[in-house]
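Work through the exercises below with the sequence and the structure side by side. Try each task before you read its solution.

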Amino acid sequence: MAAQRLLDLAPGAGFRIDGVDWVVDEVQPQHGRVVLVSAEGRTEGRTVSWLMPHRPEPLAKAAETSGRDGRRAQPRTLAYLTPLQLQRARLRAEHVREAVTGFRDGHPAKARPGEPRAEYDPARTTLMQRRRTKARELAGLDPLEAELLGLRRMSERTLIRLSAPHVEELVLACADGRWTRRRTGRVVRPEIREAILAVRQESVRRSRISMRGKHRLLHQYMAERFPGFPTKDVPSCDTLARIWREWFGPGGARQRYLGTAQMLDDTGPRVVVHRPGQVVALDSTPLPVKLRESVFGEPVSVMLTLALDLYTHSCCAFRLTMVSDTSVDIAMLLRDVMMPLPMREGWGEEMEWPCPGVPADIVADFAGHKVAGLPFFAPETVTTDHGTPYKNHQIVQAQDEIGCNILPARTLRATDKYAVERAFGSLKTMLLEHLLGFTGTDVADRGADPEADAVLALGQMEHVIATWIVRIWQNHALGEYAPSWEPGGHHSPNSLFAAAMHQGGWAMQIPTPERYTSSCASTT
């Protein structure tokens, strides 16, 4: 039986349907749709399920868009450029057009005041003369000015290359290639790879040594293991340092902690999070703001416990406790993850439930009150640290009642809860450090008397954090935490939750008080 061929739906891919050639202009994986453009310029949106029965025939791929392994390379687009880079590319394109046509916009009908200049007048100069003049003009610019404008190294040969007939999009051709593609991994020969991994294992057991020392170990291993290997092909110390950083990271940990972490088994399966509620991370930290028990109470320190959904990066729930959190606090935090957050006094309509998959009125009728714009769901897996409250039997009973799994993070593996750790840092820099009573990161960063600055009570701080989460955090751009199906898109926790509802639906279940009382009865 012939092997089934996969259909390429990446932007720029072409195929034929019923004798008509189409090119993929945009992919919307969250909706299962693609936008197609025909040779005549007609645009149509189709679903993937509609494409399958029509048996699209892939068109031949152009040679210039194919990679070394035969796969089509990702096309370059202006969307990859920042506003400053786009302005630089357009400025370079204007100089190229002036050298070719004598006009910055490329046509006499679009002539600007004073155009064409005498040295670029097509009636009195040839194409090569204009190119030489343009090259001398750009070479005479101040080096700093030319660097800021992106006009360095605009030689006559560069002008010829950019004005070649095969150049279709001049602005994109004028964009620096380093702006539109990332550096790929280095090609390392198998012998060098084996030697680098061997040096890595050796350096983990030893005390910390410099990169020069690791480079000497590399040469020593190559001389003993591969006697005939050319010495000139062994990477230099600087190249080894770059490879080391790409493969093993910056390596800023203490040597004894690094060695302990390397001895742990790290060959288990990886969890790929692809829906809300699949993995929720819990963690606690001292709140770096001094609070008062009441308006006239004494300044005290409190603990902040946060629950973060790893798919949408939504702060599903949080709790403030006067003392270290207990198993009851963790159990009630899980309850808050499953319950809709009621609207509070002073919250406007922009903070109500925004997700279009389920209207706010339906959620409000189901919950019995107006619901704020914060996702709620039943967690499937909860990742915690190794604190005593997370190992209590009451948490195990609550886990059985809810139907989720408590999965402790691995020892010395901060990456298991990296998202919630970053959320703590964002909360500190975006909100807490702007409040009175802020104590800083540690004692060395503390002010003269943060206790005297404390003015917020515990209830007031809880309201401030809740308002910040619903209004700011749930609508902020994720940046590097964008989803894998659209890494270049602009997404927020709320928009990711809405996209997930479009993809797989959402079962809105609000637990009753009786269901949760049974799991906490022994503690009350």
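Contact, in these exercises, means heavy atoms within 4.5 Å. The model is predicted, so that local features need pLDDT of at least 70 and side-chain atom pairs count only at pLDDT 80 or more, while totals for chains, interfaces and linings use all residues. Residues are numbered from 1 along each chain as its sequence is written, and side-chain values use heavy atoms, with hydrogens and water left out.

**Exercise 1.** Find which residues Leu 320 touches, not counting residues up to four places away in sequence.

*Solution.* Begin at Leu 320 and look for its contacts, which are Leu 287, Val 302, Met 303, Leu 304, Leu 458, Met 461, Glu 462 and Ile 465. Next, place Leu 320 in the largest nonpolar core (a set of buried Ala, Val, Leu, Ile, Met, Phe, Trp, Tyr and Cys residues joined through side-chain atoms within 4.5 Å, where buried means under 20% relative accessible area, exposed over 50%, and partly exposed in between, with a 1.4 Å probe and protein chains only). This core has 36 residues, and Leu 320 is among those that touch the most other members, together with Leu 287, Phe 318, Trp 347, Leu 432, Met 461 and Ile 465. Finally, note that the largest share of this core, 6 residues, comes from α18, where helices (H or I, at least four residues) and strands (E, at least two) are DSSP runs numbered from the N terminus.

**Exercise 2.** Determine which residues of α2 and α3 make the contact between these helices.

*Solution.* First locate helix α2 at residues 83-101 and helix α3 at residues 127-139, whose axes come within 7 Å and cross at roughly 145°; axes are lines fitted to C-alpha atoms, for helices over the stretch in contact, and angles run from 0 to 180 degrees between N-to-C directions. Then list the residues: α2 gives His 95, Glu 98, Ala 99 and Val 100, and α3 gives Leu 127, Arg 130, Arg 131, Lys 134, Glu 137 and Leu 138.

**Exercise 3.** Decide whether Glu 421 is buried, partly exposed or exposed.

*Solution.* Start by finding Glu 421 in helix α16, which spans residues 418-430. Its relative accessible area is 39%, and therefore Glu 421 is partly exposed. As a last step, compare positions along the chain and in space: Glu 421 and Leu 308 are 113 residues apart along the chain, while their C-alpha atoms are separated by 9.8 Å.
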